[in-house]
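Trainee: I'd love to go through this one with you, contact by contact. Shall we begin?

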Amino acid sequence: MEDNEFDSVLRRHLKNLPEDAELPGDAPLKKYGLDSMQAVELLFDLEDELGVVLPDEMMTGDTFATAESLRRAVGTAVDEPAAEMS
Amino acid sequence: MTATQAPPVARQGIGDRVAAVLPVLREHARRVDADATFPTAPLDALRHSGLMGLLVPTAHGGLGGGLDDLVRVAAELSGECLSTGMIWAMHCQQVAALAVHAGPELRADLLPRLAAGQVYVASVTSEKVKGGHLLSAHAPLRREGDRVHLERDAPIVTGGSNADGFLITMKDSDTAQPADVSLVYADRAQLTVRHAEGFSWDPMGMRGTHSGPLQLSGVVPESAIVGGAGGFREVALRTFVPVGHIAWASCWLGAARGALRAVLELVRSPAGRKQFDLDSDLLRARLARVRLDLDTTAALIAQVVRDTGLAPDPEAPDVQLRLNGLKVHAAERSFAVVDALVEVVGLRHGYLRDAPLPLERMFRDLRSASLNYANDRLLGANGALVLVDRGVGLAL
């Protein structure tokens, strides 16, 4: 995964983050305007542009808490989600 | 608890047992449908899994599961193969009736064999003269000492060719009224089972539920009567009908959920993402409706499970309305879900018989749901009940 690709996708979804401002890895993304609906759009964009698939169990508030937590999650994402029984 | 006496396999969780059989169902689903054959290998896997005894109390070697477990397992199995799911669920309906209403002698003999997966029980309730009307019977039992003779024409028995035992509705005696119905259990070995000549099985869907006419005759002990002489009405109201509707609805819901799972897998996959516009408002609205149909059906199942456990009067209008309504709603909405999903994924994924997604098969299978104990008849009954429940007793 290219870091700047990840950053540019993420920044597109942070409507309260000025274009030239720093994005600290540990800052809450909510602060920059990422709500749960936008998290879904962000997820789709990340999957499309980075060619990964995040398993459903990663769709949690923790995953989308900060840029760093999201970067970690995307880093561990596999190409296909594992089949599982609920 | 009997866990200390049970072999290690009995301590396995229900979820693990289901997970072990699902691949077998998946592997055979397409063939079972194409050839319209009974799912013998999936049923063997279910026999070995212990799940044929899901509702058998642990004291008799079963898994001691409840209706919640029945719902979940039926839904999971049916997500892979609705024919197999239905065969299993209808077997469980028979087991529930036996576990609750059979006398001590029959329980001691039969429940351990059910738990061990040795006996697959088919249901014989339809009769030529009365069609599918459940609470009446015309063929009479004939008693001779403590033995009971039965002779029965059954126009349609799901899985009848493969069943190891039968639960049969019979008029209690020659002189009894048709409403005086006894439920009788017979092992296949106690019966002469004749298959009608020239019957062919080539239906639109549910092709694995190999169903056909049978003629049964034989002699069983008086203790084979389940729920006492003439006691079927009580068995039906307390157990047979509620468990049947819950089981069917769970199967249909499970198949529809399986269809949605498959579609989500496709549209969320990297390849699918190139074909489907997940930003489309139309796509999202359709998916939202589909999910809502699944959620409302699941909620109604849960309510009917509660009603069945709690209702002091199973004939109370509000309880009957929900019980009948569940069957109608699950049948309609599960089919509507698959129909909508065909629209979502289009011709290539939703209409071709050899598409990787099983939507075409599920569509044909679920078309049977409204006909299987006809929605029209249940709606007629519910229409009358609505009129007498002026307080409109909702489960609020």
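Mentor: Gladly! This is a predicted model, and a good place to start is inside chain B, where domain 2 and domain 3 bury about 1,200 Å² between them.

Trainee: What percentage of that area between domain 2 of chain B and domain 3 of chain B is on carbon and sulfur atoms, and which residues of domain 2 lose the most area?

Mentor: Carbon and sulfur atoms carry 71% of the buried area. On the domain 2 side, three residues together account for 40% of what that side buries. They are L134(B), L135(B) and M204(B).

Trainee: How many salt bridges and polar contacts are there between domain 2 of chain B and domain 3 of chain B?

Mentor: A salt bridge here needs a Lys or Arg side-chain nitrogen within 4 Å of an Asp or Glu carboxyl oxygen. By that rule the domain interface has 0 salt bridges. Polar contacts, with both residues at pLDDT 80 or more, come to 3 residue pairs.

Trainee: Which strand gives the largest share of the domain 2 side that touches domain 3 in chain B?

Mentor: By class, that side has 7 nonpolar, 7 polar and 1 charged residues. The largest share of it is 3 residues from one strand, spanning residues 181-187 of chain B. That strand is β5.

Trainee: Now for the other interface. How many residues of chain B are in contact with chain A, and which chain B residues lose the most area?

Mentor: Chain B brings 15 residues against 14 residues of chain A. Of what the chain B side buries, three residues together make up 50%. These are R268(B), R273(B) and R284(B).

Trainee: How much area do chain B and chain A bury between them?

Mentor: On carbon and sulfur atoms lies 44% of that area. The total for the two chains is about 1,000 Å².

Trainee: How many salt bridges cross between chain B and chain A, and which residue of chain A meets R273(B) in one?

Mentor: The rule finds 4 salt bridges across this interface. In one of them, the side chain of R273(B) has its partner in chain A at 2.6 Å, N to O. That partner is E47(A).

Trainee: Which helices of chain B each supply at least two residues to the side touching chain A?

Mentor: By class, this side of chain B has 5 nonpolar, 2 polar and 8 charged residues. The helices that each supply at least two residues are α1 (14-35), α6 (232-268) and α7 (270-275).

Conventions. Residues are numbered from 1 along each chain as its sequence is written. Chains are lettered from A and ligands numbered from 1 in the order in which they are written. This is a predicted model: local features need pLDDT of at least 70, side-chain atom pairs count only at pLDDT 80 or more; totals for chains, interfaces and linings use all residues. Side-chain values use heavy atoms; hydrogens and water are left out. Contact means heavy atoms within 4.5 Å. Buried area is the accessible area (1.4 Å probe) that two parts lose on being put together, summed over both. Helices (H or I, at least four residues) and strands (E, at least two) are DSSP runs, numbered from the N terminus. Ala, Val, Leu, Ile, Met, Phe, Trp, Tyr, Cys and Pro count as nonpolar, Asp, Glu, Lys and Arg as charged, and the others, Gly among them, as polar. A polar contact is a pair of N or O atoms within 3.5 Å; within protein, one must be able to donate a hydrogen and the other to accept it, and residues adjacent in sequence count only if both atoms are side-chain atoms.
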